[in-house]
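Welcome! Open your viewer, get your selection tool ready, and follow along stop by stop.

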Amino acid sequence: MSYLRFEKAVMTNLQESLRRELLRTNRSGAYSSTTLVDCNTRKYHGLLVVPVPELDDENHVLLSSMDCTVVQHGAEFNLGLHKYQGNTFSPNGHKYIREFDASKVPTTTYRVGGVVLKKEVIFQHYEDRLLIRYTLVDAHSATTLRFRPFLAFRSVRSFTHENMTASREYSAVDNGIKTCMYAGYPDLYMQFSKKNEFIFMPDWYRGIEYPKEQERGYASNEDLYVPGYFEMPIKKGESIIFAASTSPCKPSTLKKLFDAEVDDRVPRDNFYHCLVTAAHQFHNRQPNDDRYLLAGYPWFKTRARDTFIALPGLTLAIGERDYFELVMKTAEKGLREFMQEKPLSVKIYEMEQPDVPLWAIWAIQQYVKDAGKDEGYKKYGQLVADIVDFIIKGGHPNLRLDENGLLYSDGRDKAVTWMNSTANGRPVVPRSGYIVEFNALWYNALKFCAAMKADSGDQQAADTLEQRALLAKQSFVETFVNEYGYLLDYVDGTNMDWSVRPNMIFAVALDYSPLSQQQMKNVVDICTRELLTPKGLRSLSPKSGGYNPMYVGPQTQRDYAYHQGTAWPWLGGFYMEACLKLYKRSRLSFIERQMVGYEDEIDYHAIGTISELFDGNPPFHGRGAMAFAMNVAEILRTLKLLEKYSYQK
């Protein structure tokens, strides 16, 4: 039985099927995304969504959707589905779906009377090309297929509407056409593996509505342009392949190309394999061979902090050390350019955030544990030393090393931590001063760098770093540990944040902790009592003021809830690492039960991946972006840790 298989009852129930989304990526920034029943519910949805660097730094929806109609004896059965204003769905093609299976290639099986049609969709790796294979499994009489493409040619952040500017021009190409609605966009090639007839019948389909945008308080409707339709006969047992791309292809190669792409896919037959496939979806290889990790889909770009936090889980935890090295090569270039005050030549955003170099050291620390000290120090030892030296010498514009050995960062007017939501131009959570995870990471970095220097024979440098670490440790305990046993979130002069937040867990989870054994246990205990959910740690305790666990409503309302009680799986990863660190094998069964909460999400929101965040209260609905790199990464890293501790005696 397939791991990701949905029966007819689920597919025909729009309340169930429309909430489940699909994501396919080409590992170069382009993607294809819609719902299980091919009804777009977000403005970010589309069959072919590609970056157009000539226009801007956004993705653009070229081909929004494609309706397939089965024609027999003059009767037409349209398998498409669109939502229009007034809560109207048409043409209701979902009622013909017999089953959906996403275990390897997302496959929809339709039954229309005696006709059984199978549709398989795949995105070619490293090319802006979507491939759809239609196979007529059964038919008792002559059958014709008709394909009607819905075009948008607009940014994922905007809508298109009927206008006189859009070009209706098209040109015939091998077994298809190419067209371009607006200047500056690439041509869209739509080709089939079989000869067909294209009937030019231009029209606008008006008032298509996206309910996910309505929920988020945004404009939610647009008009889509249909240039006409393709038509061709199909015989029982025959397969026809459709290609949508920004470049032409040879129709005779489509069958071989589709088969090769299928062979390259890992079956998603269990939780782990789903996560491995999800990890690969964040890969981003650019033409100059720079490698990145996208922070998430569908709207995130490559962000520095997310890159370093997600990197070990998305690569080392699944045995892909080579991709860690490729991404780190690109990221190191950006780090060094930033430290040398040069313009960034890499496409990594938010490199200036003060904790970024600290997370970079943490990522390298994970590499050293995986590859060994000799290999790790050889590759990244100098970078670690340079980052520590950069911080000590005050090179960072917003990271000051004070005499007490702690790092100070100003976040009163601009968000500087991962809790970065803003409202009215100001941080919702203005974390400033001595920030708890910054200084936990700093202590860990000093100890790691000292150990590296000692192992390399530079004992004098090691001793100097150990002295700095000792001072930081003493000041950390004096500054953050309060009489209730947990850690203050940040301290800025007399301003102390007593809120119970998850950021203190890093002081336990990191390899080097400034806390005593009892202090670490106290932190884990309060995180367990007040922050732990089946979907990770809450960003704020229900007992703290301002608790707002439901990430719903318009943008401003969501901004105020973003870090005020919502649950985050990636934080749960560090929590579980802290538990294993303190309690070893005695907590294995507890953590295995926690992992069940994540596996439940694999077939509920975005199929095969993990959402950005979850409501902090039951039933813990997934919210935000459909796929989030740090969440997938930390769940994978936790699975790796479980394996490690399971084999320890």
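## First stop: helix 5

Start by selecting Phe271, Cys274, Leu275, Val276, Ala278, Ala279, His280 and Gln281, the buried residues of helix 5. The model you are looking at is a predicted one. Now widen the selection to residues 271-281, and you have the whole of helix 5, where eight of the 11 residues are buried.

What covers these buried residues? Show their surroundings, and you will meet strand 2 (21-25), strand 20, strand 22 (296-297), helix 6 (304-315), helix 16 (588-599) and helix 17 (629-646) among the covering parts.

Before leaving, select Asn270 and Tyr272. Asn270 caps the N-terminal end of helix 5, with a side-chain oxygen 3.2 Å from the backbone nitrogen of Tyr272.

## Second stop: two pockets

Next, select Ser28, Gly29, Pro51, Asn59 and Gln286. The largest pocket has a volume of about 770 Å³, and of the 35 residues that line this pocket, those five are the closest to its centre. Strand 4 (46-51) and strand 20 (283-285) each give at least two residues to the lining. Colour the lining by class and you should find 16 nonpolar, nine polar and 10 charged residues.

Then move on to the second largest pocket, which holds about 670 Å³ of space. Of its 28 lining residues, Leu18, Arg19, Lys212, Glu215 and Arg623 are the closest to the centre. Helix 2 (14-17), helix 3 (211-215) and strand 34 (622-623) each supply two or more residues of this lining, and helix 3 has the largest share, with three.

## Third stop: salt bridges

The model has 44 salt bridges; here are some to pick out.

- Select Lys119 and Asp38: their closest N and O atoms are 2.2 Å apart. Lys119 sits in strand 11 (residues 115-123) and Asp38 in the loop between strand 3 (31-35) and strand 4, 81 residues apart. Lys119 is buried, at 9% relative accessible area.
- Select Lys301 and Glu58, with closest N and O atoms 3.4 Å apart. Lys301 is in the loop between strand 22 and helix 6, and Glu58 in the loop between strand 4 and strand 5 (59-72), so this salt bridge ties together parts 243 residues apart in sequence.
- Select Lys83 and Glu209, whose closest N and O atoms are 2.6 Å apart. Lys83 belongs to strand 7 (residues 82-84) and Glu209 to strand 17 (residues 197-209), so parts 126 residues apart in sequence are tied together. Is Glu209 buried or exposed? Glu209 is buried, with a relative accessible area of 7%.

Finish with Glu120, Arg133, Lys255 and Asp259, which salt bridges with shared partners join into one network.

How values were computed. Residues are numbered from 1 along each chain as its sequence is written. This is a predicted model: local features need pLDDT of at least 70, side-chain atom pairs count only at pLDDT 80 or more; totals for chains, interfaces and linings use all residues. Side-chain values use heavy atoms; hydrogens and water are left out. On a 1 Å grid over the protein atoms alone, a cavity is a set of points where a 1.4 Å probe fits but cannot get out, and a pocket is an open set with protein on both sides within 12 Å along at least five of seven lines; lining residues have an atom within 4 Å of a point. Grid points are joined across faces, edges and corners, and a volume is the space filled by probe spheres set on the points. Helices (H or I, at least four residues) and strands (E, at least two) are DSSP runs, numbered from the N terminus. Ala, Val, Leu, Ile, Met, Phe, Trp, Tyr, Cys and Pro count as nonpolar, Asp, Glu, Lys and Arg as charged, and the others, Gly among them, as polar. Buried means under 20% relative accessible area, exposed over 50%, partly exposed in between (1.4 Å probe, protein chains only). Contact means heavy atoms within 4.5 Å. A polar contact is a pair of N or O atoms within 3.5 Å; within protein, one must be able to donate a hydrogen and the other to accept it, and residues adjacent in sequence count only if both atoms are side-chain atoms. A salt bridge is a side-chain nitrogen of Lys or Arg within 4 Å of a carboxyl oxygen of Asp or Glu.
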